[in-house]
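Dear colleague,

Here is the structure for your files. My notes on what turned up follow below it.

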Amino acid sequence: MAKEINKDMEFSLSDDCEMFKLDEDILSNIKPFSCGDEDLDDFFINEAIAYEKELMGKTYCWLLKEDNTKCVGMVTLANAGIQTTHMQNNSRRKSIVESLLQNVVAPIQPF
């Protein structure tokens with residue numbers, strides 16, 4: 001049985017969730033969610049996939065390991081917001097993006 005998330009419970013993205021790149025399959029399989037901001041909710045549900053297709057950024061989501069229909073967080077990295085011009089090579093750029101993904105999360109309240 002999937003564990004319920006509540007405010008009093010200790011919770012860890014790295015222990016309790018898996019991170020995925022948001023795609024149409026994930027969007028069609030997750031339960032409804034809200035981050036509490038209607039504009040962000042609309043973006044994640046209706047615009048994030050198109051945003052990536054236009055090469056403007058990528059959206060990542062965290063799904064519970066025990067119930068991968070429950071999304072507990074999303075973040076979009078905008079290509080215009082990440083400047084890597086002073087970095088020496090692609091592997092350093094990749095490590096910066098991975099570090100950002102591990103440390104920046106917009107919490108989503110699952111239903």
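How many helices and strands does the secondary structure of the protein chain come to? This is a predicted model, and its protein chain has 4 helices and 6 strands. Along the sequence they come in the pattern α-β-α-β-α-β-β-α-β-β.

Some overall figures. The protein chain has 111 residues, and 29% of them are buried. Its exposed surface is about 7700 Å², with 49% supplied by carbon and sulfur atoms. Of the contacts with a separation of 6 or more, 64% are between residues 24 or more positions apart.

Aromatic pairs

The structure contains 2 aromatic pairs. In one of them, the ring centres of Phe43 and Phe44 are 5.7 Å apart and the planes stand at 65°, so this pair is edge-to-face, the cut-off being over 60 degrees. Phe43 also pairs with Tyr51, again edge-to-face, at 5.3 Å centre to centre and with 85° between the planes. Ring pairs thus link Phe43, Phe44 and Tyr51 into a cluster.

Are Phe43 and Phe44 buried or exposed? Both are buried; for Phe43 the relative accessible area is 16%. Tyr51, at 21%, is partly exposed, because buried requires a value under 20%.

Salt bridges

There are 3 salt bridges in the structure.

- Lys21 and Glu52: the side chains meet at 3.2 Å, N to O. Lys21 belongs to strand E1 (residues 17-21) and Glu52 to helix H3 (residues 38-53), so the pair links parts of the chain that are distant, 31 residues apart. Lys21 is partly exposed at 36% relative accessibility, while Glu52 is buried at 18%.
- Glu24 and Lys53: this bridge has an N to O distance of 3.3 Å. Glu24 is in helix H2 (residues 24-29) and Lys53 is in helix H3, 29 residues apart. Lys53 counts as exposed, with 61% relative accessibility.
- Lys31 and Asp67: here the N to O distance is 3.4 Å. Lys31 is in the loop between H2 and strand E2 (33-34), and Asp67 is in the loop between strand E3 (57-64) and strand E4 (71-78), so the bridge ties together parts 36 residues apart in sequence. The relative accessible area is 35% for Lys31, which is partly exposed, and 15% for Asp67, which is buried.

Helix H3 therefore takes part in two of these bridges, through Glu52 and through Lys53.

Regards

Note on methods: Residues are numbered from 1 along each chain as its sequence is written. This is a predicted model: local features need pLDDT of at least 70, side-chain atom pairs count only at pLDDT 80 or more; totals for chains, interfaces and linings use all residues. Side-chain values use heavy atoms; hydrogens and water are left out. Helices (H or I, at least four residues) and strands (E, at least two) are DSSP runs, numbered from the N terminus. Buried means under 20% relative accessible area, exposed over 50%, partly exposed in between (1.4 Å probe, protein chains only). Contact means heavy atoms within 4.5 Å. Accessible areas come from the Shrake-Rupley method with a 1.4 Å probe; for residues, only the protein chains shown count as cover. Rings of Phe, Tyr and Trp (its six-membered ring) pair if their centres lie within 6.5 Å; planes under 30 degrees apart count as stacked, over 60 as edge-to-face and the rest as tilted. A salt bridge is a side-chain nitrogen of Lys or Arg within 4 Å of a carboxyl oxygen of Asp or Glu.
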